[in-house]
Amino acid sequence: MKQPQSIDEAALQSAEARIPELAQHAVQLARQQALQTSGRVIEVCGDQLVEMSASGERRVLRDLPPRIAVQRGQILTRRNGR
C-alpha cells in the first residue's frame, strides 16, 4: 500500500486558492451538460427564477421574494406561514 503523499503549507495554500476557480468551472460544465441533456436549465437571475433553453430562449418562472441580509453567525428561524 502506498504511503500518503506529504504536502507542504505553500502547496496546500496554493491548492486552496484555486477552489473558487475550480468551483466556477464545475458549475459551468454542469450547466452545459444539463443544457445538452435536457435542453433547459433553471437558474436565478437577479430576483427571478428563470428557465433557460439550449436555444437561448429565456422564460421567467416566478419573481423571488427580496433577499434577506444576514450577518455571520446570525441564526434565522423559519415560521410556517400556512
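**Notes on a three-stranded sheet and its helix**

1. Start with the sheet. There are 3 strands in an open sheet, ordered β1-β2-β3, and the pairing is antiparallel. The edges belong to β1 (40-45) and β3 (58-63); each has a single partner strand, so one side of each is left without a neighbour in the sheet. From one strand to the next, the twist averages 25°. As a bit of background, strands of a sheet pair through backbone hydrogen bonds, in either a parallel or an antiparallel way.

2. Keep in mind that you're looking at a predicted model. The mean pLDDT of the protein is 90, with 96% of its residues reaching 70 or more. If you go element by element, β3 has the highest mean pLDDT, at 97, while helix α1 (residues 9-17) has the lowest, at 91.

3. Now for the first pairing. How many bridges join β1 and β2? Strand β2 covers residues 48-53, and its antiparallel pairing with β1 runs over 6 bridges. If you want to trace the register by eye, try Ile 42, which stands opposite Glu 51 in β2. Another pair to look for is Cys 45 with its bridge partner in β2, Gln 48.

4. The turn joining these two strands is worth a look as well. The hairpin of β1 and β2 has 2 residues between the strands, and Gly 46 there takes a positive phi near 65°.

5. On the other side of β2 comes the pairing with β3, again antiparallel, over 5 bridges. Here you can pick out Met 52, whose bridge partner in β3 is Arg 58. β2 and β3 also form a hairpin, this one with 4 residues between them. Which residue in that turn has a positive phi? It's Gly 56, at about 100°.

6. What lies across the sheet strands β1 and β2? That's helix α2, residues 19-38, which runs at about 140° to β1. Rotate the view until you have α2 in front of β1 and β2, and you can follow how the helix crosses them.

7. Last, a look at the surface. Ile 68, Val 70 and Leu 76 make a nonpolar surface patch of about 310 Å². To find one of these three, go to the segment after β3, where Val 70 sits.

Definitions and conventions. Residues are numbered from 1 along each chain as its sequence is written. This is a predicted model: local features need pLDDT of at least 70, side-chain atom pairs count only at pLDDT 80 or more; totals for chains, interfaces and linings use all residues. Side-chain values use heavy atoms; hydrogens and water are left out. Two strands pair if DSSP finds at least two bridges between them. Axes are lines fitted to C-alpha atoms, for helices over the stretch in contact, and angles run from 0 to 180 degrees between N-to-C directions. Contact means heavy atoms within 4.5 Å. Patches are made of residues with over 30% relative accessible area and no salt bridge: like charges are joined within 9 Å, nonpolar side chains (Val, Leu, Ile, Met, Phe, Trp, Tyr) within 5 Å. Accessible areas come from the Shrake-Rupley method with a 1.4 Å probe; for residues, only the protein chains shown count as cover. A salt bridge is a side-chain nitrogen of Lys or Arg within 4 Å of a carboxyl oxygen of Asp or Glu. pLDDT is the predictor's confidence in each residue, from 0 to 100.
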